[in-house]
Structures are given as C-alpha cells and as structure tokens.
Amino acid sequence: MIGRLRRIWESRAPREQAVVTVLTVIVSAALYLWLINAVHHARQRVTTSVMALRVQSGVLDRQAIEYARLRAMPPPAASQTDLRTHVKARADASGMSRALSRIDAPDPDQVTLVLGAVAFPDWLDWIASLKLQHIRLESCRIEALSAPGLVSVTATLARTSRR
C-alpha cells in the first residue's frame, strides 16, 4: 500500500508535488484553526456555566445553613390564650371569619366550629396554619356546595398535647 502511494507520488511532476504539498499544509492549518476556534467557544460556554453553578452552589450553601439554623430552633410555643379566642383570631386574620357561622367551646382545649361557604384550598391552608400553632383537627365533616370549589365545614379543633 505504501509502495503504491510512493509510486503515485513519484509519478507526479515536481510542480504538482509542490502544489499538493502546499494545499495539504493549507487544509491542515485551516482544520487546526477551526478546531482551536471550536474549543475556544466551548471553553467560554463551559466557563459561563461553571460560574452560574458556583453562584447556585453558594445560594444552596446559604440555604442549607439557614435550614440547619431553623431546625435547631425550638418549635414555637403553643398559645396559652383561650382556644376559642385564638381560633377566632386566626379566622379573622386569614379571612375565614366571613364564612364562620358558629364557634363553640365545650372545654378550654377544644372548639367546634361551623363554616358556611368557604373555598376548599382556603380551608386547607387555614388548617395548615393552625397546625403550626399547635392546634390539630380532631374531626371534620366537609360537604361540597353547588358552587364549584366551595364547601361547608363542621370541624372540631383541639390543642395538641404538651410534652
């Protein structure tokens, strides 16, 4: 194979050999420059991505420190006020009081309430906020109303037991 290529090369005139050699050098140089250019652009893109990832890493590190700090904090103390008053105040604060039909307190650590027409997502958010206040949902009856998304609720809430 090499002998055959050598014979083809030697059969060419010296001028053709020079032209082929120059064209080979030019094509090789062009390919090399194209490769260097592609590598340079790829490196710029990677550098930009690495910088963005470093910023995100810094944000995640700060969030992890804040998360650890919050986890180390003691939970908020349960309110010592009358449960009925506390639930009523939370209903007023969240806008649920407009739907509040009745609220009764059979004992200091338990209330029963009736809500007329309330949006179901608002009810879920309100119960979640009460859970953060150490008030749990003991029992509940939810009935769908004719209007989409609205429900009527009869619920019993109680303070969580203190440990």
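Is Glu 66 buried or exposed, or does its relative accessible area place it in between? In this predicted model, Glu 66 is partly exposed, with a relative accessible area of 33%, and its salt-bridge partner Arg 69 is likewise partly exposed, at 44%. Both residues belong to helix α2, which covers residues 14-72, and they stand three residues apart, about one turn of the helix.

**Salt bridges**

The count of salt bridges comes to seven, and the table below sets out some of them, including the pair just described.

| Pair | Closest N to O distance |
|---|---|
| Arg 69 and Glu 66 | 2.6 Å |
| Asp 92 and Lys 88 | 3.2 Å |
| Arg 141 and Glu 143 | 2.8 Å |

Asp 92 and Lys 88 both lie in helix α3, where four residues, about one turn of the helix, separate them; Asp 92 is partly exposed at 41% relative accessibility, and Lys 88 is partly exposed with a relative accessible area of 32%. For the remaining pair in the table, Arg 141 counts as partly exposed at 48%, while Glu 143 is partly exposed at 37%.

**Packing of α3 and α4**

Helix α3 (residues 83-94) packs with helix α4 (residues 120-132) at an angle of about 135 degrees, and their axes are 11 Å apart; the two helices are therefore oblique to each other. The crossing in which α3 passes α4 is right-handed. On the α3 side the contact is made by Val 87, Arg 90, Ala 91 and Ser 94, and on the α4 side by Trp 126, Ser 129 and Leu 130. Sorted by class, this contact comprises four nonpolar residues, two polar residues and one charged residue.

Technical notes:
Residues numbered from 1 in each chain as written. Predicted model: local features only at pLDDT ≥ 70, side-chain atom pairs only at ≥ 80, totals over all residues. Heavy atoms only, no water. Axes fitted to C-alpha atoms, helices over the stretch in contact; angles between N-to-C directions. Parallel < 35°, antiparallel > 145°, perpendicular 65-115°, else oblique. Left-handed = near helix turned anticlockwise from the far one by under 90°. Contact = heavy atoms within 4.5 Å. Nonpolar A, V, L, I, M, F, W, Y, C, P; charged D, E, K, R; others polar. Salt bridge = Lys/Arg side-chain N within 4 Å of Asp/Glu carboxyl O. Buried < 20%, exposed > 50% of the residue type's maximum accessible area, 1.4 Å probe, protein only.
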